[in-house]
Amino acid sequence: MTRRVGYRWRLREVMAAKGMFHTTDIHPHLAERGIDLSPVQVYRLVAQTPERLNLTVLAALCDILGCTAADLFEPTVETGSGRIRKASAAGGQTPAAPQARRPKRARIVGDDAP
């Protein structure tokens, strides 16, 4: 059995609870705390789920919003059977053997070949 660990980013929800509905609302607060992010970076931080997050930025967000890191993201765990299901070929047939799918070797011929 495999376990996939992920998380749900909740910054936008926490901001809305504090009356901040626009991504530009948080930018000056970050700047006050020495976090220099471009408007695009702030938008991505609020509107999308970040894959990497600087701990200084996380601490600043917690300070600005008066919350903890646990309020900003919710861990999720998915369990599976451990087997990866592959899409079957048309008609439910098994895919061809790997040898049958190999490309044909190119043959280089000279300029005078027909």
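**Entry 1: V14**

I began with V14 and set aside its neighbours within four places in sequence; what remains in contact with V14 is L65, C67, D71 and L72. I was working in a predicted model, and I kept that in mind for every entry below. V14 is found in helix α1, and its relative accessible area is 11%, so I noted V14 as buried. I also looked up how V14 stands to C62: the two are 48 residues apart in sequence, while their C-alpha atoms are 10.0 Å apart in space.

**Entry 2: confidence**

Before going on I looked up the pLDDT values. The mean for the chain is 84, and 81% of the residues reach 70 or more. Among the elements of the chain, I found the highest mean pLDDT in α4, at 95, and the lowest in β2, at 86.

**Entry 3: helix α4**

I turned next to α4, which covers residues 55-65. Which residues of α4 are buried? I listed V57, L58, A60, L61, C62, I64 and L65. I then asked which elements these buried residues pack against, and the reply was β1 (2-9), α1 (11-17), α2, α3 and α5 (69-72).

I looked at both ends of the helix as well. At the start of α4, a side-chain oxygen of N54 reaches to within 2.8 Å of the backbone nitrogen of T56. After α4 comes G66, and I wrote down that its phi is positive, near 65°.

**Entry 4: the cysteines**

How many disulfides does the structure hold? The count comes to 0. C62 is in no disulfide, and the nearest cysteine sulfur to it, that of C67, is 4.6 Å away. C67 is likewise in no disulfide, its nearest cysteine sulfur being that of C62 at 4.6 Å. Since a disulfide needs the two sulfur atoms within 2.5 Å, I could see why this pair is not counted. I then checked whether these cysteines are buried or exposed. C62 has a relative accessibility of 13% and so counts as buried, and C67, at 14%, counts as buried too.

**Entry 5: salt bridges**

I searched the whole structure for salt bridges and found 5. One of them joins the side chains of R8 and E13, with 2.5 Å from N to O. R8 counts as partly exposed because its relative accessibility is 36%, and E13, at 37%, counts as partly exposed as well. I noted further that R8, R10, E13 and E74 are linked in a network of salt bridges.

R33 came up in two pairs. The side chains of R33 and E32 meet in a salt bridge of 3.5 Å, N to O, and those of D63 and R33 meet in another, of 2.6 Å, N to O. Where do D63 and R33 lie along the chain? D63 is in helix α4 and R33 is in the loop between α2 (27-32) and α3 (39-47), so that the pair, 30 residues apart, links distant parts of the chain. I compared the accessibility classes too: R33, at 33%, counts as partly exposed, whereas E32, at 62%, counts as exposed.

**Entry 6: aromatic rings**

I looked for aromatic pairs and found 1 in the structure. The rings of Y7 and F73 have their centres 6.5 Å apart and their planes at 80°, so I recorded the pair as edge-to-face. Y7 is in strand β1 and F73 is in strand β2 (residues 73-80), which makes this a link between distant parts of the chain, 66 residues apart. Y7, with a relative accessibility of 36%, counts as partly exposed, and F73, with a relative accessible area of 32%, is partly exposed also.

**Entry 7: T23**

My last look-up was T23, which lies in the loop between α1 and α2. Is T23 buried or exposed? Its relative accessible area is 17%, and T23 is therefore buried. Not counting residues up to four places away in sequence, I found T23 touching R12, V42, Y43 and V46.

Technical notes
Residues numbered from 1 in each chain as written. Heavy atoms only, no water. Salt bridge = Lys/Arg side-chain N within 4 Å of Asp/Glu carboxyl O. Buried < 20%, exposed > 50% of the residue type's maximum accessible area, 1.4 Å probe, protein only. Helix = DSSP H or I, 4+ residues; strand = E, 2+ residues; numbered from the N terminus. Contact = heavy atoms within 4.5 Å. Polar contact = N/O pair within 3.5 Å; in protein donor to acceptor, adjacent residues only side chain to side chain. Phe/Tyr/Trp six-rings, centres within 6.5 Å; stacked < 30°, edge-to-face > 60°. pLDDT = per-residue confidence, 0-100.
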